Amino acid sequence: MSKKILFIYNANSDTGSKMLDFAHKIVSPDTYDCALCSLTFGNFSENKQWKGFRESLLAKGYELEFFHKDEFQKSYKSKFGHKYTYPIILVETAHDLEVLVTTEKLNAFEGVEELICSVGSVQ
């Protein structure tokens, strides 16, 4: 299994989108469309438990890439023709991208512990 994990948020990278997402997370967090963002970040900083786990993956030699969906689509469009729903977590193999955690599973997680267990299964 590859040691490259891609995390793709269900948000765009432009300034307007970032500002709207920030406000949406505060005003109406229950209807915010990016479970990955909600699980890994609070309103102002990265979740401490997630940060510790992320750093442990890096220490074990994993390469982690984090994308907004527009950045991912631009970077990987020429390599892989797949259509994905977002948020999603993928693993890059020698020939393709494989889904590690689906959008549906991310949306069903009730806490960062479930996310950590799912991503930790790649080890």
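An angle between a helix and a strand is taken here between their N-to-C directions and runs from 0 to 180 degrees; the axes are lines fitted to C-alpha atoms, for helices over the stretch in contact. With that in hand, welcome to a tour of this predicted model.

**View 1. Helices H6 and H4 lie across the sheet strands.** Helix H6, residues 112-120, crosses E1, E3 and E4, and its direction makes an angle of about 145° with E4. Helix H4 lies across E1, E2, E3 and E4, at about 115° to E2. For orientation, the protein holds six helices and four strands, and from the N terminus these elements follow one another as β-α-α-α-β-α-β-β-α-α. Of the contacts with a separation of 6 or more, 60% are between residues 24 or more positions apart.

**View 2. The four strands make an open, mixed sheet.** Reading across, the strand order is E2-E1-E3-E4. E2 and E4 (97-101) sit at the edges, each with a pairing on one side only. From one strand to the next, the twist averages 30°. As a reminder, strands of a sheet pair through backbone hydrogen bonds, and they can do so in parallel or antiparallel fashion.

**View 3. E3 is paired with both E1 and E4.** Five bridges connect E3 with E1 in the antiparallel sense. Towards E4 there are four bridges, and here too the strands run antiparallel. Zoom in on Glu-92 of E3 to find Lys-4 standing opposite; Glu-92 also stands opposite Leu-97 in E4. Further along, Val-91 has Glu-98 of E4 as a bridge partner, and Ile-89 stands opposite Val-101 in E4.

**View 4. Strand E3 is largely enclosed by the rest of the structure.** Why does E3 count as largely enclosed? Five of the five residues of the strand are buried, so little more is needed to call E3 largely enclosed by the rest of the structure. In a regular strand, side chains alternate between the two faces of the sheet. Here Ile-88, Leu-90 and Glu-92 point one way, while Ile-89 and Val-91 point the other way. For the protein as a whole, buried residues amount to 43% of the 123 residues. Its accessible surface comes to about 7,200 Å², with 53% belonging to carbon and sulfur atoms.

**View 5. A hairpin of four residues joins E3 to E4.** Thr-93 belongs to this loop between E3 and E4. Is Thr-93 buried or partly exposed? Its relative accessibility is 21%, and buried requires under 20%, so Thr-93 counts as partly exposed. Lys-4 is worth showing in this view too: the C-alpha atoms of Thr-93 and Lys-4 are separated by 7.9 Å, although the two residues are 89 positions apart along the chain.

**View 6. Tyr-9 and Phe-66 belong to an aromatic cluster.** Nine aromatic pairs turn up in the whole structure. In one of them, the ring centres of Tyr-9 and Phe-66 lie 6.4 Å apart with the planes at 20°, so this pair is stacked. Tyr-9 comes from strand E1 (residues 4-9) and Phe-66 from strand E2 (residues 63-68), so the pair ties together parts 57 residues apart in sequence. Tyr-9 is buried at 11% relative accessibility, whereas Phe-66 is partly exposed at 33%.

**View 7. Phe-72 and Tyr-86 meet edge-to-face.** Their rings are 6.2 Å apart from centre to centre, with 70° between the planes. Phe-72 sits in helix H4 (residues 69-76) and Tyr-86 in the loop between H4 and strand E3 (88-92), making a link between distant parts of the chain, 14 residues apart. Both Phe-72 and Tyr-86 are buried. Tyr-86 also takes part in a cis peptide bond with Pro-87, with omega at about 0°. Pro-87 likewise lies in the loop between H4 and E3. For context, most peptide bonds are trans.

**View 8. Lys-3 sits over an aromatic ring.** The ring is that of Tyr-62, and Lys-3 lies over its face at 4.9 Å from the ring centre. To close the aromatic theme, look back at the cluster of View 6, which consists of Phe-7, Tyr-9, Trp-50, Phe-53 and Phe-66.

Note on methods: Residues numbered from 1 in each chain as written. Predicted model: local features only at pLDDT ≥ 70, side-chain atom pairs only at ≥ 80, totals over all residues. Heavy atoms only, no water. Phe/Tyr/Trp six-rings, centres within 6.5 Å; stacked < 30°, edge-to-face > 60°. Helix = DSSP H or I, 4+ residues; strand = E, 2+ residues; numbered from the N terminus. Buried < 20%, exposed > 50% of the residue type's maximum accessible area, 1.4 Å probe, protein only. Lys NZ or Arg CZ within 6 Å of the ring centre and 35° of its normal. Pairing = 2+ DSSP bridges. Contact = heavy atoms within 4.5 Å. Areas by Shrake-Rupley, 256 points an atom, 1.4 Å probe, with all protein chains shown as cover.
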